[in-house]
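Okay, everyone, thanks for coming. Let me put the structure up and we'll walk through a few parts of it together.

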Amino acid sequence: MWFALNALEYTGKPVLALMAEGNLQTQFAPSVATKKDPAKDEDPIQCAVNPDWLGNKNANGNSASLADMTDKAIDLLQANPKSRNGFFLQVEGASIDKQDHNANACGQIGETDDLDKAISAALKKVDLKDTLIIVTADHAHTSQIVNEPPAYALSTILVNKLGERMVVSYGTAPSADPDAADPTKGYGQGDMEHTGTQLRIAASGPGAQRVNGLTDQTDNFFTIANALDLAETTDQMKTLSDGADANLVVDEKGQRVEFSGFNGDASVTYTVTDPTNGDAVIATSGEATDPVSGVRVRTDQTMSIDLTGKLTEGKTYRVTITGRQSGKVVAKDFQAPAAAAGDDSQVVPGETVENPGDNTSAAGQQTGVAGVLDKTGSAIAAVVVLIAALVSTALALKTVKGRRH
């Protein structure tokens with residue numbers, strides 16, 4: 001893991017993931033929450049570093065903590081020439097939540113510290129003059145720092161680095177759990193629960209004024225979109241599909257209609273018909289069943305409808321593709337040419353059909369590779385780093401104003 005992380009370099013190809021067989025090891029070795037007992041005060045716990053934590057430096061001085069992963073991720077993204085137009089990075093400290101579910105105080109404290117270090121790593125990589133960093137979480141949890149162990153709940157008594165006593169209490173599951181006393185299993189039978197407590201959200205950098213202590217959860221989308229200079233309103237999003245188009249392609253791989261430009265849509269539907277035969281359907285994405293059904297659009301990519309073996313040479317066919325959200329309709333008539341030989345491909349532009357009528361087909365397949373988000377307004381460079389976790393989440397969003405490419 002250490003070697004794989006440190007050896008990563010930008011090569012123009014995506015990095016899928018660095019995987020472990022299960023949950024990554026926590027920074028601190030696990031602790032066990034137990035019932036109230038006066039004897040606990042006599043033997044408080046001091047959290048100890050887990051020897052298996054990937055953040056420990058190996059013999060070569062390498063480590064793979066959340067901060068290291070954040071640092072490497074930003075390096076790879078900034079090395080990509082496309083980063084001048086912006087990028088979005090999400091880094092999640094997920095084990096804070098998992099250790100709270102297990103009533104593992106040392107585990108969740110260590111993971112929170114790991115997250116804090118990841119935020120610091122992101123701050124060192126970006127300039128707050130053109131970078132928005134947001135720190136938040138997806139929900140609160142059951143643990144609380146209290147004065148004394150409550151009689152009705154499990155708790156852990158800790159000694160912090162200052163030598164002070166600290167009591168962490170867990171109160172959303174029964175105290176009787178046969179696995180709770182076994183650090184290898186943790187508290188799992190009742191499973192400590194999430195709570196509805198309001199969460200802190202903080203931000204620094206351009207657009208931080210949109211985040212002021214509390215914000216509606218859905219407003220985060222608009223904060224991020226605004227910083228990246230992306231379309232925010234419904235009308236703006238619909239215009240992203242204005243340039244949609246389709247062409248018939250014939251090559252050694254077969255015959256297909258390639259289409260792109262539906263960047264304001266989440267999905268499209270299509271039909272290919274034979275107008276000379278009572279509009280007989282040659283290919284369809286199926287019947288629409290809800291407002292978002294259809295072929296899923298991957299923004300800024302070329303998708304295709306396979307027509308191999310379905311077309312007759314010299315015959316005219318009609319393709320109609322409809323954006324499910326924008327309402328944009330691309331309708332064209334194509335004449336099927338002879339199949340091309342060798343490696344040369346043939347693109348048949350086709351003739352646009354006026355007033356193609358209603359097209360309500362849905363659910364199908366698509367091909368192509370993932371692209372980037374289209375945007376409205378001027379071109380900018382942007383970076384987004386989002387570190388999502390139980391207690392804190394960091395999101396860095398870099399927007400380089402004044403650059404025009």
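Let's start at Arg318, whose opposite number in strand 16 is Asp333. Keep in mind while you look that this is a predicted model. Arg318 sits in strand 15, which covers 316-323, and Asp333 is in strand 16, 329-335. Those two strands run antiparallel, with seven bridges joining them. They form a hairpin with five residues between the strands, and in that hairpin Gly327 has a positive phi near 80 degrees.

Now, which residue does Asp333 have as its bridge partner in strand 18? That's Glu351. Strand 18 is just residues 351-352, and it pairs with strand 16 over two bridges, again antiparallel.

Strands 15 and 16 also each give two or more residues to the largest nonpolar core, and so do strands 9, 10, 11 and 14. That core has 24 residues, and the ones touching the most other members are Leu248, Phe259, Phe262, Ile305, Leu307 and Ile321. Take Leu307: leaving out residues up to four places away in sequence, Leu307 touches Leu248, Gln255, Arg256, Val257, Val272 and Ala283. Apart from the largest core there's another one, of 15 residues, including Ile74, Val91, Leu115 and Ala122.

Leu115 and Ala122 take us to helix 4, where both are buried, and Cys106, Gly110 and Ile119 are among the other buried residues there. Helix 4 runs over residues 105-125, so how far does it reach from its first C-alpha to its last? The answer is 31 Å, close to the 30 Å expected for its 21 residues at 1.5 Å a residue.

Note on methods: Residues numbered from 1 in each chain as written. Predicted model: local features only at pLDDT ≥ 70, side-chain atom pairs only at ≥ 80, totals over all residues. Heavy atoms only, no water. Core = buried A, V, L, I, M, F, W, Y, C linked by side-chain atoms within 4.5 Å. Buried < 20%, exposed > 50% of the residue type's maximum accessible area, 1.4 Å probe, protein only. Helix = DSSP H or I, 4+ residues; strand = E, 2+ residues; numbered from the N terminus. Contact = heavy atoms within 4.5 Å. Pairing = 2+ DSSP bridges. Expected span 1.5 Å × (residues − 1).
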